[in-house]
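Let's take a friendly walk through this assembly, starting with a single contact and working outward. Have the structure open as you read.

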Number of protein chains: 2
Amino acid sequence: MDPIKDKTPPLYQFFSEKEAERKKALLPSEEKISSLATFFKIFGDVTRLRILFHLLESKLSVGDLAALTGMTDSAISHQLKQLKSINLVYCRRHGRTQFYSLADQHVADILKIGLEHVSE
Amino acid sequence: MDPIKDKTPPLYQFFSEKEAERKKALLPSEEKISSLATFFKIFGDVTRLRILFHLLESKLSVGDLAALTGMTDSAISHQLKQLKSINLVYCRRHGRTQFYSLADQHVADILKIGLEHVSE
DNA sequence: ATTACACTTGAACAATTGTTCAAGTATTGG
DNA sequence: CCAATACTTGAACAATTGTTCAAGTGTAAT
């Protein structure tokens, strides 16, 4: 019917189609790979890294994080929103102030392994 | 001299200037934070993640990685170049074929912790 | 030598990203 | 209630990113 759909299957140089299917089946699902990419992307920004390192030590307000990092409140708030969206931080309100904390025990592990790698 | 430089020091809401300096001193250096961001950014892309997961299992040629992931040779080659630039993979030539391998023992650790996080 | 194969490269492009700005909400103090 | 504080939001912008395309390299087979 549609000649465009009749394209030849991918040709592997060093293994069979069957072996290729086995390799593909070993990968995490598309959904997990996509979530993983989102997760790691979050760590790939210096402002967010600074926020995370600061929160490793103490709960902090948006304003104090801004002052510590030399950014505007708005910039920090935008970034905290992202960190919250994938559950790396959470916040609790005290009066007018939002105190942000780390939400995940994996954060410290990830940062540590990353630091080890770049320190070689 | 320059009135613009006479701006008020940052005001911290919940701690002193001195405590702020202590907190800032605890952070990794600017250079390390910047390298860390570069390092994590690499993991923040689905194509590169698929490449890394495949290389976790076996050495592979550019063409086979392309066929396995459904991308063009060119796209894969560009991504491998990035992975090589921060020493996550290396390659060895056999005739006309470049075989790519994982170069770093941290890769498996990072991917594992990431998967644990997104699987919760 | 010539051709094919396996890969790399640089430029172009759309898509995504981080920051700023101005305006908004929520809470508190007077 | 009104103003001040602390933060959030959405739109706009420049900067960066991933992919494609066309042209390039290097190696091997004939």
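## One strand, starting from a tyrosine

The side chain of A:Tyr100 places an N or O atom 2.6 Å from a phosphate oxygen of DNA strand D. Please keep in mind that this is a predicted model. The backbone of chain A takes part as well: a backbone N or O atom of A:Gly63 is 2.8 Å from a phosphate oxygen of DNA strand D, and for a polar backbone atom of A:Val62 the distance to a phosphate oxygen of that strand is 3.2 Å.

How many residues surround DNA strand D? There are 27, and the closest are A:Ser74, A:Ser77, A:Tyr100, B:Arg48 and B:Gln79. Of the strand D atoms that come within 4 Å of the protein, 72% belong to sugar and phosphate. By class, the surface near DNA strand D consists of 15 polar, 8 charged and 4 nonpolar residues. Elements supplying at least two residues each to this surface are α4 (62-69), α5 (73-85) and β3 (97-102) from chain A, along with α3 and α5 (73-85) from chain B.

## The other strand

Turning to DNA strand C, 27 residues surround it, with A:Arg48, A:Gln79, B:Ser74, B:Ser77 and B:Tyr100 the closest. On the chain A side, an N or O atom in the side chain of A:Thr47 is 2.8 Å from a phosphate oxygen of DNA strand C. A base is reached too: a polar side-chain atom of A:His78 lies 3.1 Å from a base oxygen of this strand. From chain B, a backbone N or O atom of B:Val62 lies 3.1 Å from a phosphate oxygen of DNA strand C.

Which elements give two or more residues to the surface near DNA strand C? They are α3 (46-57) and α5 of chain A, together with α4, α5 and β3 of chain B. Sugar or phosphate makes up 72% of the strand C atoms within 4 Å of the protein, and bases make up the rest. The residues of this surface divide into 15 polar, 8 charged and 4 nonpolar.

## How the two chains are related

Chain B superposes on chain A with an RMSD of 0.1 Å after a rotation of 180° with 0.0 Å of shift along its axis. This is why the pair can be described by a two-fold axis. Both copies use the same surface, since 100% of the contact residues of chain B recur in chain A.

## Where the chains meet

At the protein interface, 58 residues of chain B are in contact with 58 residues of chain A. The two chains bury about 4,900 Å² between them, 70% of it on carbon and sulfur atoms. Within chain B, the residues that lose the most area to chain A are B:Phe40, B:Ile113 and B:His117, which together account for 13% of what that side buries.

Polar links cross this interface as well. The rule finds 6 salt bridges between the chains; one of the salt bridges joins A:Lys23 to B:Glu57, whose closest N and O atoms are 3.4 Å apart. The count of residue pairs in polar contact between chain B and chain A is 20. Several elements of chain B each supply at least two residues to the side that touches chain A, including α1 (17-26), α2 (30-43), β3 (97-102) and α6 (105-118). That side of chain B divides into 29 nonpolar, 15 polar and 14 charged residues.

Note on methods. Residues numbered from 1 in each chain as written. Chains lettered and ligands numbered in written order. Predicted model: local features only at pLDDT ≥ 70, side-chain atom pairs only at ≥ 80, totals over all residues. Heavy atoms only, no water. Least-squares fit on C-alpha atoms with pLDDT ≥ 70 in both. Contact = heavy atoms within 4.5 Å. Buried area = accessible area lost by both parts, 1.4 Å probe. Salt bridge = Lys/Arg side-chain N within 4 Å of Asp/Glu carboxyl O. Polar contact = N/O pair within 3.5 Å; in protein donor to acceptor, adjacent residues only side chain to side chain. Helix = DSSP H or I, 4+ residues; strand = E, 2+ residues; numbered from the N terminus. Nonpolar A, V, L, I, M, F, W, Y, C, P; charged D, E, K, R; others polar. Near = heavy atom within 4 Å.
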